[in-house]
Amino acid sequence: MIVGNISKILEIVRVSQRCRRCDLWKNADCFSSTIKCNTERYYNRVCKQCRCVIQAVCESKVKVEVIKGLGGKCVCCGESCKEFLTVDHINGDGAAHRERLKRSYAVYRDIRNQNFPRDKYRLLCSNCHNSISWYGYCPHVVETSRFENYMHLQMK
Ligand SMILES: [Zn+2]
Ligand SMILES: [Zn+2]
Ligand SMILES: [Zn+2]
């Protein structure tokens, strides 16, 4: 029983390694790994926790680049607070694009790779974006009485 435990501990020690980023010794389950063709397991050198942090930093960096590349403000009302801004697909293929690239981070990277084409993407703040996607127009450009017409049409 004790021997069993010791060999288990030895196994953990054998596969534990120091994370390159946080510099802590962690055991194997803290690292993602891949099995290569010869069934040997290769462990990532950075622990899972650190990978999440790195990824989040990369994601926000790319988002900032895309926001800058697309003009830095809402094309409708001029809002420039990054927290409010989203990328709008002008030809409306956002869902398809995301589906193709799976993650919104990949969407941002893809926009950067295409060198921020403004005929395909534009920045909108969440207000303008919501209004355009729900009602098809933004009250900043179309007078608000359209809303009554819209509701009226929906009720019919
Ligand atoms: Zn780490
Ligand atoms: Zn706006
Ligand atoms: Zn607007």
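**Entry: the core**

I looked up the largest nonpolar core and found that it has 15 residues. Those with the most contacts inside it are Cys74, Val87, Ile111, Leu123, Leu124 and Cys128. I then checked which elements feed this core: strand S5 (85-89), H4 and S6 each supply at least two residues. The largest share, 4 residues, comes from S6. I note here that the model is a predicted one.

I followed Cys74 further. Leaving out residues up to four places away in sequence, Cys74 touches Glu79, Leu85, Leu123, Leu124, Cys125 and Cys128. Leu123, Leu124 and Cys128 are also among the core residues with the most contacts.

**Entry: the whole chain**

I counted the elements next and got 6 helices and 6 strands. From the N terminus on, I read their order as α-β-β-β-β-α-β-α-α-β-α-α. How much of the protein is buried? I find that 13% of its 156 residues count as buried. I also looked at the contacts with a separation of 6 or more: 55% of them join residues 24 or more positions apart.

**Entry: confidence**

I checked pLDDT, which averages 84 over the protein, with 81% of the residues scoring at least 70. Which element has the lowest mean pLDDT, and which the highest? Helix H6 (residues 145-155) is at the bottom with 63, and S6 is at the top with 95. I keep in mind that predicted coordinates should not be read in detail where pLDDT is low.

**Entry: helix H4**

I listed the buried residues of H4, which are Val107, Tyr108 and Ile111. Seen down the helix axis, these buried residues fall within an arc of 100 degrees, so they line one face of H4. The general rule I set beside this is that an α-helix has 3.6 residues a turn, so residues three or four places apart point the same way. One of the buried residues, Ile111, is also among the best-connected members of the core, those with the most contacts inside it.

Just after H4, I found Asn115 with a positive phi of about 65 degrees. Asn115 is in the loop between helix H4 (104-113) and strand S6 (121-125). Is Asn115 buried or exposed? It has 7 other C-beta atoms within 10 Å, and because the cut-off for exposed is 12 or fewer, I put Asn115 down as exposed.

**Entry: helix H2**

I tested the length of helix H2 (residues 48-69). At 1.5 Å a residue, its 22 residues should span 32 Å, and its end C-alpha atoms are 31 Å apart, which agrees. The buried residues in H2 are Cys50, Lys63 and Val66. I asked what they pack against, and the partners are S5 and H4. Just after H2, Gly71 takes a positive phi of about 110 degrees.

**Entry: Asp23**

I looked for a positive phi in a residue other than glycine and noted Asp23, at about 65 degrees. Asp23 lies in the loop between strand S1 (17-18) and strand S2 (25-26). I count Asp23 as exposed because it has 8 C-beta neighbours inside 10 Å.

**Entry: Tyr42**

I located Tyr42 in strand S4 (residues 41-43). Tyr42 has 11 C-beta neighbours inside 10 Å, so I record it as exposed. Which residues does Tyr42 contact, leaving aside its neighbours within four places in sequence? I found Ser33, Thr34 and Lys36. I also took the C-alpha separation of Tyr42 and Ser32, which are 10 residues apart along the chain, and it is 8.6 Å.

Note on methods. Residues numbered from 1 in each chain as written. Chains lettered and ligands numbered in written order. Predicted model: local features only at pLDDT ≥ 70, side-chain atom pairs only at ≥ 80, totals over all residues. Buried ≥ 20, exposed ≤ 12 C-beta atoms within 10 Å, placed from the backbone. Contact = placed C-beta atoms within 7 Å. pLDDT = per-residue confidence, 0-100. Core = buried A, V, L, I, M, F, W, Y, C linked by C-beta atoms within 7 Å. Arc of directions from axis to C-beta. Expected span 1.5 Å × (residues − 1).
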